[in-house]
Amino acid sequence: MKNVLFVAVVVLLLGAGAYAAFFIAPTDAKQGLIYRILFLHVASAWTGLTAFFISFIANVLYVWRRQPQWDWLGVSAAETGLVFTTVVLVTGPIWAHPVWGIWWTWDARLTSTFVLWLLYVSYLLLRTLIEEPDRRALLSALFGIFAFVDVPLVFGSIRWWRTQHPQPIIMGEPGSGLDPLMYKVLFFMWFAMLALMTLLLRQRYLLEAMRGDVETMRRQWEVA
Amino acid sequence: MKNLDSLFAAYMIGWGIFFVFYLTMARRTAALREEIERLKNSRNRGK
């Protein structure tokens, strides 16, 4: 019952976020309607990086404490972050095509984000290659810590290098930024996305915990 | 109303990716529940 209520709240928040993005935020003078992808694209990017940060903390805690719960949280947050980053990589080109005239370019932000996506795909693939649970947890935690090194690169890429992707709208240079109403809608959408991330992460964690139980039962069954 | 189709497509694909992920988790959870039941039953039969 609690889960159904949580799903309903998340759906309502996302619906309200989409309504605000389409009907409340003012239209951009230069880009017109298409800029409204920003609310999904940027909110997904911030949420994905938040999930990768949770995965990083869980991986560090696993290496330190060696408790399976941290491994479960690490992989759950990594997979959830990967889904949000996939949305970023799909919505970005849809936005870029009418504005830049190209779907994709190998600029610093796009490339570092794509590398981040590949690193976390590799993290998940690595886990499928190792049978023994403790060894799998340790190696993937170490790889997860390494993969997170790309996150500061993604964050700094539009600050350190001036390429195709627009300059930052938060903590950017003087004069950069958005209309105050656009900021409100963007932060509301981020809040809705964080609620969605919490829902997905919780479900994924429960799934991983269940998988841990199955592995324990199998080992007990083999010993018996 | 220029680019309305692209805007609509971006939101539909975005929500679709989240929805498909949620569905795959539900399917994986159901498969694991079945696996747990199967292991419990085979253990009970072995006793």
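1. Let us start with a working term: two residues are in contact if their C-beta atoms, placed from the backbone, lie within 7 Å. With that in hand, look at Met189(A), which touches Gly17(A), Ala21(A), Phe39(A) and Ala43(A), leaving aside residues up to four places away in sequence. Please keep in mind while reading that this is a predicted model.

2. Stay with Met189(A) for a moment. Where is Met189(A) placed? Helix α7 of chain A holds this residue. Is Met189(A) buried or exposed? Met189(A) counts as buried because 27 C-beta neighbours lie inside 10 Å, and the cut-off for buried is 20 or more. A nice thing to find on screen is the pair Met189(A) and Leu40(A): their C-alpha atoms are separated by 7.3 Å, although the two residues are 149 residues apart along the chain.

3. Phe39(A) is a good next stop. Its partners are Gly17(A), Ala21(A), Ala25(A), Val185(A), Leu186(A) and Met189(A), again not counting residues up to four places away in sequence. If you compare this list with the one for Met189(A), you will meet Gly17(A) and Ala21(A) in both.

4. Now step back to the core. The largest nonpolar core has 53 residues, and the members that touch the most others are Ile37(A), Phe39(A) and Met189(A). Which elements give two or more residues to this core? From chain A they are α1 (2–24), α2 (38–65), α3, α4 (108–129), α5 (133–147) and α7, and from chain B there is α1 (4–46). The top contributor is α3(A), with 13 residues. As background, nonpolar side chains tend to be buried together in soluble globular proteins.

5. Here is the overall plan of chain A. The chain has seven helices and zero strands, so to speak an α-α-α-α-α-α-α pattern when read along the sequence. Its C-alpha trace spans about 70 × 45 × 30 Å along the principal axes. Of its 224 residues, 36% count as buried. Among contacts between residues at least 6 apart in sequence, 76% join residues at least 24 apart.

6. The pair α3(A) and α7(A) deserves a close look. Helix α3 covers residues 68–100 of chain A and helix α7 covers residues 180–223 of chain A; their axes come within 8 Å and cross at roughly 135 degrees. That angle makes α3(A) oblique to α7(A), and the crossing is right-handed. On the α3(A) side, the residues that meet α7(A) include Pro68(A), Trp72(A), Leu73(A) and Phe84(A), and on the α7(A) side they include Met197(A), Leu200(A), Tyr205(A) and Gly212(A). By class, this contact has twelve nonpolar, three polar and three charged residues.

7. Compare that with α2(A) and α5(A). These two pack at an angle of about 135 degrees, with their axes 9 Å apart. Here too the angle makes α2(A) oblique to α5(A), but the crossing of α2(A) and α5(A) is left-handed. Ser55(A), Phe56(A), Asn59(A), Val60(A), Tyr62(A) and Val63(A) of α2(A) make the contact with Ala137(A), Ala141(A), Leu142(A), Gly144(A) and Ile145(A) of α5(A). These residues divide into eight nonpolar, three polar and no charged.

8. Next come α3(A) and α4(A). Their axes come within 10 Å and cross at roughly 145 degrees, and the crossing is left-handed. Among the residues making the contact are Val75(A), Leu82(A) and Leu89(A) of α3(A), along with Phe114(A), Trp117(A) and Arg127(A) of α4(A). The contact divides into 13 nonpolar, five polar and two charged residues. Val75(A) is worth clicking on: this residue also appears in the contact of α3(A) with α7(A).

9. One loop residue is worth checking. Arg66(A) is in the loop between α2 and α3 of chain A. Its phi is near 60 degrees, a positive value in a residue other than glycine. Arg66(A) counts as partly exposed because 13 C-beta neighbours lie inside 10 Å.

10. Last, the two chains together. How many residues of chain B are in contact with chain A? There are 23 of them, facing 28 residues of chain A. By class, the chain B side has 15 nonpolar, four polar and four charged residues.

Terms used
Residues numbered from 1 in each chain as written. Chains lettered and ligands numbered in written order. Predicted model: local features only at pLDDT ≥ 70, side-chain atom pairs only at ≥ 80, totals over all residues. Axes fitted to C-alpha atoms, helices over the stretch in contact; angles between N-to-C directions. Helix = DSSP H or I, 4+ residues; strand = E, 2+ residues; numbered from the N terminus. Parallel < 35°, antiparallel > 145°, perpendicular 65-115°, else oblique. Left-handed = near helix turned anticlockwise from the far one by under 90°. Nonpolar A, V, L, I, M, F, W, Y, C, P; charged D, E, K, R; others polar. Core = buried A, V, L, I, M, F, W, Y, C linked by C-beta atoms within 7 Å. Buried ≥ 20, exposed ≤ 12 C-beta atoms within 10 Å, placed from the backbone.
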